[in-house]
Amino acid sequence: MDKARRQGLQKDLRALAANIRADAEGRYDGAEPGWRAGVEWTLLWIENTAAQLTEDKPSGAGGRQGVSPE
């Protein structure tokens with residue numbers, strides 16, 4: 001994938017995370033802790049994925065680092 005395309009996808013992922021964060025903020029007060037943890041984990045995963053798009057690493061599965069939900 002070329003650099004401009006990766007940067008565009010990174011921007012889209014960060015916009016998605018911002019939309020999720022804005023929508024979830026008003027719901028935190030009455031939400032169960034598990035729901036809040038799920039939202040935070042999702043945001044962390046999106047940000048981690050976006051950051052990897054501009055790193056100079058191979059794009060194969062061996063070059064990926066993930067965040068485990070456990």
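# A walk between two helices

Start in α2 and select Val-39, Leu-43, Ile-46 and Ala-50: these are buried. Look down the helix axis with them highlighted. The four cover an arc of only 60 degrees around that axis, so they sit on the same side of α2. Keep in mind throughout the tour that you are looking at a predicted model.

**Zoom out for a moment**

Show the whole chain as a cartoon. You should see two helices and zero strands. The protein has 70 residues, and buried ones make up 16% of them. If you switch on a surface, about 5400 Å² is exposed, with carbon and sulfur atoms supplying 51% of it. For a feel of how the chain folds back, take the contacts between residues at least 6 apart in sequence: 54% of these join residues at least 24 apart.

**Stay with α2**

Now select residues 33–52, which is α2. Put a distance between its end C-alpha atoms and you get 28 Å; the 20 residues should span 28 Å at 1.5 Å a residue, so the two agree. What do the buried residues of α2 pack against? Turn on the neighbours and you will find α1 there. Then rotate to the face of α2 turned away from its buried side, where you can pick out the exposed residues Pro-33 and Gly-34.

Two more stops on this helix. Thr-42 is in α2, and its relative accessible area of 30% makes it partly exposed. Draw a line from the C-alpha of Thr-42 to that of Ala-17: the two are 25 residues apart along the chain, with 8.4 Å between these atoms. Glu-40 is also found in α2 and is partly exposed, at 43% relative accessible area. From Glu-40 to Ala-24 the C-alpha distance is 9.7 Å, for a sequence separation of 16 residues.

**Hop over to α1**

Select residues 3–25 for α1. This helix has 23 residues and reaches 33 Å from its first C-alpha to its last, close to the 33 Å expected at 1.5 Å a residue. Which residues of α1 are buried? Highlight Gln-10, Leu-13, Ala-17 and Ala-24. What covers them includes α2.

Gln-10 deserves a click of its own. It counts as buried, at 11% relative accessibility. Leaving out residues up to four places away in sequence, Gln-10 touches Ala-50, Ala-51, Leu-53 and Thr-54.

For contrast, go to Ala-4, also in α1. At 55% relative accessibility, Ala-4 counts as exposed. Its C-alpha and that of Thr-54 are separated by 9.7 Å, with the two positions 50 residues apart along the chain.

**Into the core**

Clear the selection and pick Leu-13, Ala-17, Ala-24, Tyr-28, Val-39, Leu-43, Ile-46, Ala-50 and Leu-53. Those nine residues make up the largest nonpolar core. Colour them by helix: α1 and α2 each supply at least two. Which element gives the largest share? That is α2, with four residues.

Within this set, centre on Tyr-28. Its contacts, not counting residues up to four places away in sequence, are Trp-35, Arg-36, Val-39 and Glu-40. You have met two of these before: Val-39 as a buried residue of α2, and Glu-40 as a partly exposed one.

**Last stop: the charged pair**

How many salt bridges does a search of the whole structure find? One. Show the side chains of Arg-14 and Glu-47 as sticks, and you will see them meet at 2.6 Å, N to O. Arg-14 lies in α1 and Glu-47 in α2, so the pair ties together parts that are 33 residues apart in sequence. Side chains of opposite charge can pair when their charged atoms come close.

Are the partners buried or partly exposed? Arg-14 counts as partly exposed, at 34% relative accessibility, and Glu-47 is also partly exposed, at 33%.

To finish, show the salt bridge and the core together. You then have two links between the helices in one view: the Arg-14 and Glu-47 pair, and a nonpolar core to which both α1 and α2 contribute.

Notes: Residues are numbered from 1 along each chain as its sequence is written. This is a predicted model: local features need pLDDT of at least 70, side-chain atom pairs count only at pLDDT 80 or more; totals for chains, interfaces and linings use all residues. Side-chain values use heavy atoms; hydrogens and water are left out. A salt bridge is a side-chain nitrogen of Lys or Arg within 4 Å of a carboxyl oxygen of Asp or Glu. Buried means under 20% relative accessible area, exposed over 50%, partly exposed in between (1.4 Å probe, protein chains only). The expected span of a helix is 1.5 Å times one less than its number of residues. Contact means heavy atoms within 4.5 Å. A nonpolar core is a set of buried Ala, Val, Leu, Ile, Met, Phe, Trp, Tyr and Cys residues joined through side-chain atoms within 4.5 Å. Accessible areas come from the Shrake-Rupley method with a 1.4 Å probe; for residues, only the protein chains shown count as cover. The arc is that of the directions from the helix axis to the C-beta atoms.
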